[in-house]
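Colleague: I'd like to go through this one with you, starting inside and working outwards. Could you put it up?

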Amino acid sequence: MAVARTARSRRKVRKVRDKWKEKVWYEIYATPEFGGVFIGYTPANDPSLVLGRVAETCLRDLTGDPTKHMHRVYFKIFGITGNKAIAQFYGHDTTREYMKSQIRRRRSRIDAILDVTTQDGYKIRTKAMVLTAYRANAKQKSDIRKKMEEIIRNMAKEKTFPMYVQAMLFGEMAEKIRDECKKIFPIKNVIIYKSEVLSLAKKEENEGFIKEKEETEENVTEAQSQE
């Protein structure tokens with residue numbers, strides 16, 4: 001009997017399929033306005049499962065600039081062509097270690113968090129931080145924050161989505177804030193430390209997410225009707 005059970009269990013083991021072998025590896029690329037650069041791979045056994053996935057990469061790897069090692073960039077997949085997935089910029093953040101290294105005692109930290117809309121209709125939440133050379137008073141902090149918000153809003157009005165993202169990631173926005181705010185108080189550093197795309201403007205770039213949402217709702221409705 002023991003031998004029979006062992007043979008039966010072996011047959012069961014043989015019938016188990018390796019699901020990983022059935023998966024296809026999709027190559028993830030950024031949209032053309034971000035250079036169409038290769039971001040990475042993602043596995044799936046159905047192309048529809050790839051839509052909506054978020055890929056993470058380091059800005060250093062994306063640009064080849066070692067000074068950008070502290071920023072992580074996120075892209076959300078919205079389209080599939082063959083085994084290639086097309087992903088749109090979805091946001092970025094800055095490593096906690098770098099943020100901690102920049103904050104010192106006897107300095108003031110001033111944050112500005114804004115939801116802005118670019119010239120071509122993309123809505124982005126932007127988080128910026130100014131570190132003063134030494135401690136500022138309440139009036140100086142208020143004036144710096146107002147100037148930061150004014151610069152960020154004006155940049156969003158004047159720039160398209162790709163231009164605005166490049167200004168955040170490559171230093172143009174931080175440099176503009178530094179130049180204007182140092183007229184109010186000595187500035188040590190400016191960091192655009194986080195962003196998040198709240199809504200996309202172009203219909204074709206929303207289709208993947210809308211389709212995924214609709215399919216989920218349909219599946220829920222079907223499950224409820226079966227119950």
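Colleague: Phe34 and Phe161, buried or exposed?

Modeller: Both Phe34 and Phe161 are buried, with the caveat that this is a predicted model.

Colleague: What kind of aromatic pair do Phe34 and Phe161 form?

Modeller: Phe34 and Phe161 form an edge-to-face pair, with the ring centres 6.0 Å apart and an angle of 85° between the planes. The pair links distant parts of the chain, since Phe34 sits in the loop between strand S1 (24–30) and S2, whereas Phe161 belongs to helix H6 (residues 161–170), and the two are 127 residues apart.

Colleague: And which rings make up the cluster around them?

Modeller: The cluster joins Phe34, Phe75, Phe89, Tyr122 and Phe161 through ring pairs. Across the structure there are nine aromatic pairs.

Colleague: Staying with H6, how many of its ten residues are buried?

Modeller: Seven of the ten are buried, so H6 is largely enclosed by the rest of the structure. The buried residues of H6 are Phe161, Pro162, Tyr164, Val165, Ala167, Met168 and Leu169.

Colleague: What happens just after H6?

Modeller: Just after the helix, Gly171 adopts a positive phi of about 105°.

Colleague: Back to Tyr164 for a moment, what does it touch?

Modeller: Leaving out residues up to four places away in sequence, Tyr164 touches Val116, Thr118, Ile124, Thr126, Ile152, Met155, Ala156, Lys159 and Met173. Tyr164 is also one of the residues with the most contacts inside the largest nonpolar core, which has 46 residues; the others named there are Phe89, Met148, Met173 and Ile177. Apart from that core lies another, of five residues, among them Met99, Met129, Ile191 and Tyr193.

Colleague: Thr118 was in that contact list, so where is Thr118 found?

Modeller: Thr118 is in the loop between strand S6 (109–117) and strand S7 (123–132).

Colleague: Why does Thr118 count as buried, given that it is in a loop?

Modeller: Thr118 counts as buried because its relative accessibility is 4%, and the cut-off for buried is under 20%. With residues up to four places away in sequence left out, the contacts of Thr118 are Ile124, Ala156, Lys159, Thr160, Phe161 and Tyr164.

Colleague: Lys159 keeps turning up. Which residue does the side chain of Lys159 meet in a salt bridge?

Modeller: The side chain of Lys159 meets that of Glu172, at 3.1 Å from N to O. Lys159 lies in the loop between H5 and H6 and Glu172 in helix H7 (residues 172–181), so the salt bridge ties together parts that are 13 residues apart in sequence.

Colleague: Are the two ends buried or partly exposed?

Modeller: They fall into separate classes: Lys159 counts as buried at 11% relative accessibility, whereas Glu172 counts as partly exposed at 40%.

Colleague: How many salt bridges does a search of the whole structure find?

Modeller: The search finds nine salt bridges. One of them joins Glu150 and Lys147, whose closest N and O atoms are 3.5 Å apart. Both residues lie in helix H5 (residues 138–158), three residues apart, which is about one turn of the helix.

Colleague: Why would that spacing suit a pair within a helix?

Modeller: An α-helix has 3.6 residues a turn, so residues three or four places apart point the same way. As for accessibility, Glu150 is partly exposed at 38%, and Lys147 is likewise partly exposed at 22%.

Colleague: What about Arg109, which residue forms a salt bridge with it?

Modeller: Arg109 forms a salt bridge with Asp111, and their closest N and O atoms are 2.8 Å apart. Arg109 is partly exposed, with a relative accessible area of 37%, and Asp111 is partly exposed too, at 22%.

Colleague: Changing topic to the surface, which residues make the nonpolar patch of about 360 Å²?

Modeller: That patch is made by Trp25, Phe38 and Tyr41. Phe38 is found in strand S2 (residues 38–44) and is partly exposed, with a relative accessible area of 38%.

Colleague: And the overall numbers for the chain?

Modeller: The chain has eight helices and eight strands, and 38% of its 227 residues count as buried. Its accessible surface comes to about 13800 Å², with 49% of that belonging to carbon and sulfur atoms. Among contacts between residues at least 6 apart in sequence, 59% join residues at least 24 apart.

Terms used
Residues are numbered from 1 along each chain as its sequence is written. This is a predicted model: local features need pLDDT of at least 70, side-chain atom pairs count only at pLDDT 80 or more; totals for chains, interfaces and linings use all residues. Side-chain values use heavy atoms; hydrogens and water are left out. Patches are made of residues with over 30% relative accessible area and no salt bridge: like charges are joined within 9 Å, nonpolar side chains (Val, Leu, Ile, Met, Phe, Trp, Tyr) within 5 Å. Accessible areas come from the Shrake-Rupley method with a 1.4 Å probe; for residues, only the protein chains shown count as cover. A salt bridge is a side-chain nitrogen of Lys or Arg within 4 Å of a carboxyl oxygen of Asp or Glu. Helices (H or I, at least four residues) and strands (E, at least two) are DSSP runs, numbered from the N terminus. Buried means under 20% relative accessible area, exposed over 50%, partly exposed in between (1.4 Å probe, protein chains only). A nonpolar core is a set of buried Ala, Val, Leu, Ile, Met, Phe, Trp, Tyr and Cys residues joined through side-chain atoms within 4.5 Å. Contact means heavy atoms within 4.5 Å. Rings of Phe, Tyr and Trp (its six-membered ring) pair if their centres lie within 6.5 Å; planes under 30 degrees apart count as stacked, over 60 as edge-to-face and the rest as tilted.
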